[in-house]
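The following report considers the cysteines, one sheet and one helix of a predicted model. Please read it alongside the sequence and the coordinates.

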Amino acid sequence: MEVVKSIRLGWDVIPNRYELIIEPNMHGELYKGKERINVEIKRRTNRIRINAKSIKIKSAFVLQADKRYRAALKWLFEREEVDLILKERVEGRATIELEFEGLHTESMVGFYRSHYMHNGKEYSFLTTQFEPTGARMAFPCFDEPAFKAVFDISLVVDNGVETISNMEKLSVAKTGKKTIVRFNETPRMSTYLVYMGVGTFERLRGNAGGTAISVITTPGKVKLGTLALSYAKEVVQFYEKYFGIKYQLPKLDLIAVPDFAVGAMENWGAITFREVRLLCDSRTASTEAKQTILEYIAHEIAHQWFGDLVTMSWWDDLWLNESFATYMSYKAVAELYPEWKPMMKYLANEVVRGYNVDSYRTSHPVSVPVADAARAAGMFDDISYRKGGALLRMFCDYVGEEAFKGGLHIYLKRHSYSNAKREDLWNAIDEYLHKNGMPTRLSKIAEYWISTEGHPLVMVSEKNGMLELSQSRFTLSGNKAAKPWPIPMRYMTMAGKTGLIMLDTAKKTVRLKGKGWIKLNSGQTGFYRVKYQNRLLDGIGKALETGKLSSADAWNIANDLYAMVRSGEIKAKAYLNFITAHCLDVGYPANYTISEQLGRLYAISSGTGLQKKIRKALITYNTSLLDRVGWGPTKKESSTDALARSTAMTWLGRAGYPKVVERARRLFSSNDIAPDLKEAVYAAVAANGGEEEFRLMKKRYMEARLPEERNVLLMSMGLFEKRELASKALDFTLSKDVRLQDSYFIPLLMSTTSNCADVLLDWQIKNWKKLMQMYDPNAEMLSKEVAYMYWQSSRESLGKIRKLFSDKKNRRGDIEMQIVQAQESVQSTIRFREINA
């Protein structure tokens, strides 16, 4: 605990209000700023500590009553802090007065510079990205989420330059060649939510109730925001109704930023997005792209309540922001567009990633102590977003939708404009349960799930009408004993009976009424895995064939079997036999996920005799899927059929299936490709392509103007299986023609190839120093490069990874967890290859 406390500013000085006057520099790196921070000094002191990084403080004073004290500066650079040291001790209300200079870097963190082209000329867009600890790079501040304050922001800009901040403009005054824009005061909020944008913009305007909503872009792109504006209005109205609290600001801007490290950022009233996550031509965009835009908008608008209105007290409870936004975004989409089957997509896109990262022995709890700023950045992972969201889904199922929703109302109202901890949420839901005479109590199970790493594997067998259950911790490295989880297990029997078993001991025996199979984790509402006795599994397989179990149950079975193959719990042959025997017509999301699983197994079994068997299963499964949904799009087909077709064709193409490869080449040559087939066509062409296909794909990328098209083309360049072309693609990713924000796309796809994953690793090692310099810790990008090492499959590669990170100079706080997990993942893949040889 002392380590954690040592990096906190402490509670001796509390900020209440910032008055910021910043003069951005559209033409250079250096900008100027002045600020006054009203504080309450709780204990007499001559030392006030604040956060600052890459900032030059030119003068510092502390004002109290009629006295003005000059402060000396003592910098603590490694801690990203500075002490203001006074000659006298002060206490009570005071004002810190600072003049400073900052830097507009191109790191995509702090108050940074983004570039874009318009009518053949390059322009600048100054924008901010402060989460988790980037505000201290823009202005000196108390840069911790619990230090909420009011912000009075003024921007001094060149005449004719436009500005954006969290609130609407209060006044605009010209003075010579400059314009002073002052914004209305914000509500009390955390520093990481402050936003400032400077440049030339276009707007689409709308409203939802009393809230003015705008989509803001750089010139020439505003028409691509039409769909986003429509989505945003729908989402705001849904959340106002669901949460029982109106959106709290007078306006909500959705801002497309040309250079942006993450997907989007929930700055209160001024949400920023990568262009591809906000903009599209709805006539030519794929179904997946349009759905993803809605999911991102719903996620970030959910944050306006969970994260902005109510904020976690410290980064150890980041999940209170991210898990809720992830889960609620899919609930919003489910309400607005149920035909998309968004809660099924939630399993395939989000829950699976929570399971995957939580399968490492080196996983961490959803709520975990955070010791320093660098490790705060490292917490933005699939545990905080995906596992946490999956647990919320389980908790909601356990207490019921009514109690879950009622508890959220209490939680949000009680902690508005303030901060909260995880127990505040349990207490609010339990309060609702108690008030309404419901016997269930969430706190009894939630605290253990949130504070414990890993998840259980439940072993199930039946003997003489008795169901025998036991649990241990599941990991890729093999199961291990652990303190029992309290598992609320939904079940369904062959006779159609449903119910709940609470397994809160290591072993339990339950009398089974009726004969035949029993399916645990019915509907995939829980976050645990199940291994069935062979006889029970056979019965479940037949139930899947006859449609007696849902696609969510099929997804659950397939996901658990695949995980057990990867951990060595069962052989790959058992998985392949079950999938091809029982899961050829299970529907979405199971069909999508099984296609992905077979593709992954195909890649990591490269060079083994097993790969031929996996390829055979891959072809059998995906051709059967294509026969069902059709080989070409139709006007009235469902979005899930379109997605299933694209996924099946992608993996068939990557496996070299002639019918798909030939069709993809024809479509690529004609350049007349249906939007929902582009990803599959490009993947098949690249995986089976040579020098000419590489040249043409690169050319089309350079000429593409729509964000989705550029992204898909760039990522597809990572799928060339010829090693010399893989090297060319990696060199291209570091060129001036690829934006820094997109520089990990080619490595991402190359890590999944059969033949070139080792080419990628050698390139990463060669360029590691450069990659560390390119990616700021707050940008959450270097961790992605480490994650792409997870799929290496040889002892030689494992040795190279260990050697790279044995040098402390190649490590950083934001990647420590990924370094350990990369080695564990490679070890598990090596074991998989040996077990199934």
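In this predicted model, the count of disulfides comes to zero when a pair of cysteine sulfur atoms has to lie within 2.5 Å. Two of the cysteines can be placed by their accessibility: because buried means under 20% relative accessible area, C141 at 0% counts as buried, and so does C280 at 9%.

| Cysteine | Relative accessible area | Class |
|---|---|---|
| C141 | 0% | buried |
| C280 | 9% | buried |

The sheet described here is an open one, in which four strands follow the order β25-β22-β21-β27 with mixed pairing. Its edges are formed by β25, which spans residues 507-511, and β27, which spans 529-532, and each of these strands pairs on one side only. From one strand to the next, the twist averages 25°. At the β27 edge, the neighbour is β21, residues 455-463, and these two strands pair in the parallel sense over four bridges. Within this pairing, M459 has K531 of β27 as its bridge partner.

A further element is helix α23, which runs over residues 757-766 and whose buried residues are A757, V759, L760, L761, W763 and Q764. Which helices cover these buried residues of α23? The cover includes α21 (723-733) and α22 (745-750), and also α24 (768-774), α25 (782-787) and α26 (795-806).

Note on methods. Residues are numbered from 1 along each chain as its sequence is written. This is a predicted model: local features need pLDDT of at least 70, side-chain atom pairs count only at pLDDT 80 or more; totals for chains, interfaces and linings use all residues. Side-chain values use heavy atoms; hydrogens and water are left out. Two strands pair if DSSP finds at least two bridges between them. Axes are lines fitted to C-alpha atoms, for helices over the stretch in contact, and angles run from 0 to 180 degrees between N-to-C directions. Buried means under 20% relative accessible area, exposed over 50%, partly exposed in between (1.4 Å probe, protein chains only). Contact means heavy atoms within 4.5 Å.
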